[in-house]
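Student: Please take a close look at one part of this model: the salt bridges. I would like to know where the partners sit and how accessible they are.

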Amino acid sequence: MTKRQIPVIVLAGFLGSGKTTLLNHLLAHSGGSRVGVVVNDFGSIEIDAMSVAGQVGSSMVSLGNGCLCCAVDTSDLDAFLDRLSRPAARIDVIVIEASGLAEPQELVRMILASDNTEIMYGGLVEVVDAAEFGRTRVRHPELDRHLGIADLVVLNKTDRIGEAERAELAATLEELAPGTPVVAASYGRVDPELLFDRRPREERLEEIRQLSFEDLVHDGAGDDHDHGHEGHLHAAYESVEFVSDEPLHPRLFMEFLDRRPEGLYRIKGFVYFGVPGHRQKFALHAVGDFLRMHRTAWGRSERRTTQLVMIGSGVDGGALREGLEGCRRAGEGAGDVDERSMWGVLRYTQG
Ligand SMILES: Nc1nc2c(ncn2[C@@H]2O[C@H](COP(=O)(O)OP(=O)(O)OP(=O)(O)O)[C@@H](O)[C@H]2O)c(=O)[nH]1
């Protein structure tokens, strides 16, 4: 009897397209399948890992701080895959959530190069933000290339677009990824079987090998790490982190968000305002112009803190951090904080 290898699926897509949302949906609806998860955050605060951790416990591992696609040394990934694929873990499928700035072909290459015989490459799933894709594609033509090597495209956030736009996007995707199945979704609600049972197509693998070869030629042999990744999406981006044990002033914080610079595409994390009646944890997501918060409960022993990761291109990290420092409740000009100061926050809060 041949031994069944565990498929390793790469879940990729630009910043904020909905990868973590989709992953959480898969975990909640995986039926009898046990899913192992590897999460790769771009920033050093592992917000994505925190967002999925509750669902998987020990079958999740997190590789933070920097795109995995640039790892010169893949031993961390190898070690994680070894851990998740050992028979005692009884895992049926492994999903690697790439950072929103990763080069998916590099991740695929890492899996293909792995000498772990328990696993096999299970395909590339690209999540597309239906509301942002048009604009993002203009700034990042590399995304076309990512779609070209996908085995499944999830056109997510279809709740944010109309029928005409949807038809237009479907036509664009067919052009960029001819013959690749495209499933429309909102909040990542796709049938898990679509992902779990997918097999990468041989011609896609050939394209990935080919792309890697072209990358090497383009990058001048690719021997210098910094130089060798110039063409990567994340080369133009930086991430800025902010942590505060002191509650933030809701009005000042909303003013900070209103003034956020154009290049600051993504903000994610948790905010603690500590205002009577609103002492919960406010999960925050900004993607382009879109801003949403939702309240969740703090864990029993969880420290009340604000933790934010901001990812942008051409942004002044020092100024962003300074702006947030000024939102601390004890900060200058913070004044009184009462329920009314929460109004601005509540306009963007669900739940
Ligand atoms: N309206 C709408 N919002 C969505 C949908 N899917 C996800 N979101 C929201 O989009 C934001 C980003 O979602 P995430 O799942 O964190 O995106 P991500 O791709 O993991 O983000 P990065 O890891 O930063 O690249 C969150 O506020 C989600 O609730 C959707 O289908 N419709």
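Tutor: The structure, a predicted model, holds 9 salt bridges. Three of them are described below.

K157 pairs with D129, and the closest N and O atoms are 3.0 Å apart. K157 belongs to the loop between β6 (152-156) and α7 (163-176), while D129 belongs to strand β5 (residues 119-129), so this contact ties together parts that are 28 residues apart in sequence. Both K157 and D129 are buried.

The pair R251 and E255 has a local setting: both residues lie in helix α11 (residues 250-258), 4 residues apart, which is about one turn of the helix. Their closest N and O atoms are 3.3 Å apart. R251 has a relative accessibility of 39% and therefore counts as partly exposed. E255 is also partly exposed, because its relative accessible area is 32% and the partly exposed class runs between 20% and 50%.

E325 and R328 form a salt bridge through their side chains, at 2.6 Å from N to O. Here the two partners fall into separate classes. E325, at 36% relative accessibility, counts as partly exposed, whereas R328 has a relative accessible area of 18% and is buried, since buried means under 20%.

For the wider context, an unreviewed UniProt entry annotates residues 237-328 as "domain: CobW C-terminal". That span is 20% helix and 41% strand, and its end C-alpha atoms lie 26 Å apart.

Methods:
Residues are numbered from 1 along each chain as its sequence is written. This is a predicted model: local features need pLDDT of at least 70, side-chain atom pairs count only at pLDDT 80 or more; totals for chains, interfaces and linings use all residues. Side-chain values use heavy atoms; hydrogens and water are left out. UniProt positions are given in the numbering used here, feature names are shortened, and annotations may be inferred rather than shown by experiment. Helices (H or I, at least four residues) and strands (E, at least two) are DSSP runs, numbered from the N terminus. A salt bridge is a side-chain nitrogen of Lys or Arg within 4 Å of a carboxyl oxygen of Asp or Glu. Buried means under 20% relative accessible area, exposed over 50%, partly exposed in between (1.4 Å probe, protein chains only).
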